[in-house]
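Reader: I am new to this structure. Could you take me through the ligand and its surroundings, please?

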Amino acid sequence: MKTITVNGGRPLFGSVFAQGSKNAALPIIFATLITRGVSEVRHLPDIGDVRCALDIIRELGARVTSYGSVAYIDTRSLSFCEPSAEKISKIRASTYLLGSMLSRFGRCRLSAFGGCAFSDRPIDMHIDACLAFGGRIVGNEIITDRLHPADISFKKASVGATINALILAAATDGVSTVRGHAREPHVHALIDFLRSAGAEIKISDELITVRGGELKGGNIAIIGDMIEAGSYLTAGLITGGRVSVIGADREDLSSYLALARELGCEVFERGSIISARATELCRRVSIVAEPYPAFATDLQPIIAPLLAVMSGGEICDRVWTGRYGYLKTLSSFGLSSRIEDGRAIIESSELQPACVVAEDLRGGMAALLCGLCAKGESRIENAEQILRGYENLVYKLRSLGADVSID
Ligand code: UD1
């Protein structure tokens with residue numbers, strides 16, 4: 001088990017480059033399974049979840065050759081097998097095997113898919129999408145003899161179910177439609193990849209139309225990671241410094257940046273550079289996490305410590321209604337909060353160092369942000385959870401002036 005030790009209380013200054021987006025890279029890696037060719041994926045983040053996803057597709061016969069952040073993924077000759085249950089249970093993105101394995105092999109096991117356990121994470125909409133394209137459930141598998149085009153209408157915006165529907169549609173001969181789809185930047189990134197592999201896709205606010213069929217290898221540069229970018233901007237703000245992030249899309253981060261301004265911070269945007277710094281002004285705010293373009297659920301644990309060191313505030317997560325478990329961990333740092341009517345009320349608090357265990361990816365990062373702010377030595381155990389989503393974490397924090405190490 002890895003432990004991050006941080007000697008907090010130092011203001012962070014400087015610039016970091018945004019890594020490739022975790023949530024864009026993962027669906028693209030699994031989508032390569034429906035192509036018959038060699039895909040080139042650039043700006044691939046070197047993080048735990050991506051390494052696990054690549055291991056899973058290797059088990060199915062994909063040949064992956066990496067040069068720095070560029071990977072060539074050859075999926076011309078795959079053969080069916082059950083990917084390791086241990087790997088599947090590590091990452092949530094293994095749910096994308098439902099669409100990709102059903103398309104490529106005509107079968108996929110309904111496994112215990114993993115990822116952060118911050119809430120019940122149903123897969124009914126993923127299964128409905130598989131059934132709509134001609135899959136049927138037999139025992140603990142979904143199988144099909146032949147997929148046919150489908151017209152899907154989701155009851156709510158789900159990133160994962162939209163991604164599975166797009167993978168199935170792109171792999172199926174004919175025209176399919178998807179309504180009620182998620183609009184996250186990573187959904188657009190997957191569409192760009194599928195287009196590069198030969199699928200014809202039109203997207204509007206109401207409807208995605210896909211003409212699918214035989215796909216060749218695709219070619220894509222992964223977009224900048226908006227959650228990583230928001231995390232470093234917050235690290236600058238919470239320590240009273242000023243951090244710039246290069247290479248994240250300002251539009252993707254617009255709800256985070258609007259919130260930082262509402263809190264009283266100064267935000268600077270120029271070209272591909274975004275930076276932020278705290279001011280004397282400091283307002284209590286209410287945040288509602290909802291599907292894109294609203295404030296991202298993955299950024300609400302990240303922003304909670306900042307609310308605490310400023311004037312406090314309220315968080316209401318409408319994507320994952322129970323996603324406040326991380327606050328118990330943060331209470332060890334002296335962060336005072338309570339849950340009321342499905343909202344987390346964060347009190348203005350003075351943070352002190354603590355030794356805690358990272359329970360999940362973003363909750364673990366929230367703990368590290370508390371450690372960066374609190375004067376003295378903090379330790380975050382089970383740091384593998386954080387490394388699932390953050391590339392070169394310790395190196396990047398040190399480059400900003402943090403006194404941090406990992407062992
Ligand atoms: C993805 C992200 C995750 C992020 C989340 C929300 C990846 C690998 N993971 O997760 O980091 O926190 O988006 O932005 O990209 N739902 C159902 N039935 C389903 C599927 C979802 O009811 O079959 C509900 C969920 O309970 C939740 C909502 O839909 O309330 C949104 O979930 P979804 O967007 O599917 O999240 P994930 O794709 O799992």
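**The ligand and its surroundings**

Author: In the side chain of Ser-158, an N or O atom lies 2.6 Å from an oxygen atom of the ligand. This is a polar contact, meaning a pair of N or O atoms within 3.5 Å. The model is predicted, so local features need pLDDT of at least 70 and side-chain atom pairs pLDDT 80 or more, while totals for chains, interfaces and linings use all residues. Residues are numbered from 1 along each chain as its sequence is written, and side-chain values use heavy atoms, without hydrogens and water.

Reader: How far is the ligand oxygen from the side chain of Asp-298, and from the backbone of Gly-160?

Author: An N or O atom in the Asp-298 side chain is 2.6 Å from a ligand oxygen. For Gly-160, a backbone N or O atom lies 2.8 Å from an oxygen atom of the ligand.

Reader: How much of the ligand does the protein cover?

Author: The protein covers 90% of the 750 Å² of accessible area that the ligand has on its own (Shrake-Rupley method, 1.4 Å probe).

Reader: And where does the ligand lie relative to the domains?

Author: The ligand lies between domain 1 (3-18 + 224-406) and domain 2 (22-221), because both give residues to the shell around it. Those bounds come from an automatic or database domain assignment.

Reader: Turning to the whole chain, what share of the residues is buried?

Author: Of the 407 residues of the protein chain, 57% are buried, that is, under 20% relative accessible area with a 1.4 Å probe, counting protein chains only. The C-alpha atoms fill a box of roughly 60 × 45 × 45 Å along the principal axes.

Conventions. Polar contact = N/O pair within 3.5 Å; in protein donor to acceptor, adjacent residues only side chain to side chain. Buried < 20%, exposed > 50% of the residue type's maximum accessible area, 1.4 Å probe, protein only.
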